[in-house]
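Welcome! Take a moment to look over the chain, then try the exercises at your own pace.

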Amino acid sequence: MGAMRRNLLFSLALVAFLSGSAIAAVTPDQVTDPEYMINNGYSQLSAEDVFMLKNRVEGKPIEPLYEKNQNKFVRACKKFYAYLDPLVDEPDRLHHDINPSPSISDL
């Protein structure tokens, strides 16, 4: 009877050990990495949005992660039109850097 109890206790300890959860140490920086996000099923737009929001929080310059391939002439026309019409946002930008203090570039 003692051997059976010992085998049962050993079997239960072995099952408890094998069924323990595998805890992976994944940091938020790794989870929000654009390459990691795209490899795990998120779109490029979602990965780019997270990348730009992280840069905004950290105070880094906000630039798009992926550049769209556009014709130089079309890009120049869009920039010229955005320069002429102040109500048009800068083309192909999701976020804008906002500087609350006035500067010479505001003129």
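The exercises below work through this predicted model, each with a solution in steps.

**Exercise 1. Get an overview of the fold.**
Find how many helices and strands the protein chain has, and which pattern it follows.

*Solution.*
- Step 1: Count the elements. The protein chain has five helices and zero strands.
- Step 2: Read along the sequence. The pattern is α-α-α-α-α.
- Step 3: Turn to burial. Of the 107 residues in the protein chain, 9% are buried.
- Step 4: Look at the surface. The protein chain exposes about 9,600 Å², and 62% of this comes from carbon and sulfur atoms.
- Step 5: Consider the contacts with a separation of 6 or more. Residues 24 or more positions apart account for 35% of them.

**Exercise 2. Check the span of two helices.**
Work out what span helix α1 should have at 1.5 Å a residue, and set it against the distance between its end C-alpha atoms. Then do likewise for helix α5.

*Solution.*
- Step 1: Helix α1 covers residues 2–18, and it has 17 residues.
- Step 2: The expected span is 1.5 Å times one less than the number of residues, so α1 should span 24 Å.
- Step 3: The end C-alpha atoms of α1 are 24 Å apart, in agreement with that value.
- Step 4: Helix α5 (residues 72–84) has 13 residues and should span 18 Å. Its end C-alpha atoms are 18 Å apart, which agrees as well.
- Step 5: Look just before α5. Asn71 caps its N-terminal end, with a side-chain oxygen 3.3 Å from the backbone nitrogen of Phe73.

**Exercise 3. Place helix α1.**
Decide how many of the residues of α1 are buried, and find which residues make a nonpolar surface patch.

*Solution.*
- Step 1: Buried means under 20% relative accessible area. Among the 17 residues of α1, the number buried is zero, so this helix lies largely in the open.
- Step 2: Take Phe10, which sits in α1. Its relative accessibility is 59%. Exposed means over 50%, so Phe10 counts as exposed.
- Step 3: Find the patch. Phe10, Leu14, Phe17 and Leu18 make a nonpolar surface patch of about 510 Å².

**Exercise 4. Explore helix α4.**
For Ala47, Glu48 and Asn55, say whether each is buried or exposed, and name what each touches beyond four places in sequence.

*Solution.*
- Step 1: Locate the residues. Helix α4 spans residues 44–58 and holds Asn55; Ala47 lies there too, as does Glu48.
- Step 2: Apply the cut-off of under 20%. Ala47 has a relative accessible area of 0% and is therefore buried. Glu48 is buried at 11%, and Asn55 is buried at 8%.
- Step 3: List the contacts of Ala47. With neighbours within four places set aside, they are Pro34, Met37, Ile38 and Leu65.
- Step 4: Add a distance. Ala47 and Met37 are 10 residues apart in sequence, and their C-alpha atoms are 6.1 Å apart.
- Step 5: Move to the other two. Under that limit on sequence neighbours, Glu48 touches Pro64, Leu65 and Tyr66, while Asn55 touches Lys60 and Pro61.

**Exercise 5. Find the salt bridge.**
Which side chains meet in a salt bridge, and are they buried or partly exposed?

*Solution.*
- Step 1: Recall the idea. Side chains of opposite charge can pair when their charged atoms come close.
- Step 2: Count. There is one salt bridge.
- Step 3: Name the pair. Glu58 and Lys60 meet at 3.1 Å, N to O, within the 4 Å cut-off.
- Step 4: Check exposure. Glu58 is partly exposed at 45%, and Lys60 is partly exposed at 46%.

**Exercise 6. Compare two valines.**
Where are Val31 and Val88 found, and what do they touch?

*Solution.*
- Step 1: Val31 is in helix α2 (residues 28–31), whereas Val88 is in the segment after α5.
- Step 2: Val31 is partly exposed, with 38% relative accessible area. Val88 is partly exposed, with 31%.
- Step 3: Leave out residues up to four places away. Val31 then touches Val26, Tyr36 and Met37, and Val88 touches Tyr81 and Ala82.
- Step 4: Finish with a distance. Val88 and Lys78 are 10 residues apart in sequence and 9.8 Å apart in space, C-alpha to C-alpha.

Methods. Residues are numbered from 1 along each chain as its sequence is written. This is a predicted model: local features need pLDDT of at least 70, side-chain atom pairs count only at pLDDT 80 or more; totals for chains, interfaces and linings use all residues. Side-chain values use heavy atoms; hydrogens and water are left out. Patches are made of residues with over 30% relative accessible area and no salt bridge: like charges are joined within 9 Å, nonpolar side chains (Val, Leu, Ile, Met, Phe, Trp, Tyr) within 5 Å. Accessible areas come from the Shrake-Rupley method with a 1.4 Å probe; for residues, only the protein chains shown count as cover. Helices (H or I, at least four residues) and strands (E, at least two) are DSSP runs, numbered from the N terminus. Buried means under 20% relative accessible area, exposed over 50%, partly exposed in between (1.4 Å probe, protein chains only). Contact means heavy atoms within 4.5 Å. A polar contact is a pair of N or O atoms within 3.5 Å; within protein, one must be able to donate a hydrogen and the other to accept it, and residues adjacent in sequence count only if both atoms are side-chain atoms.
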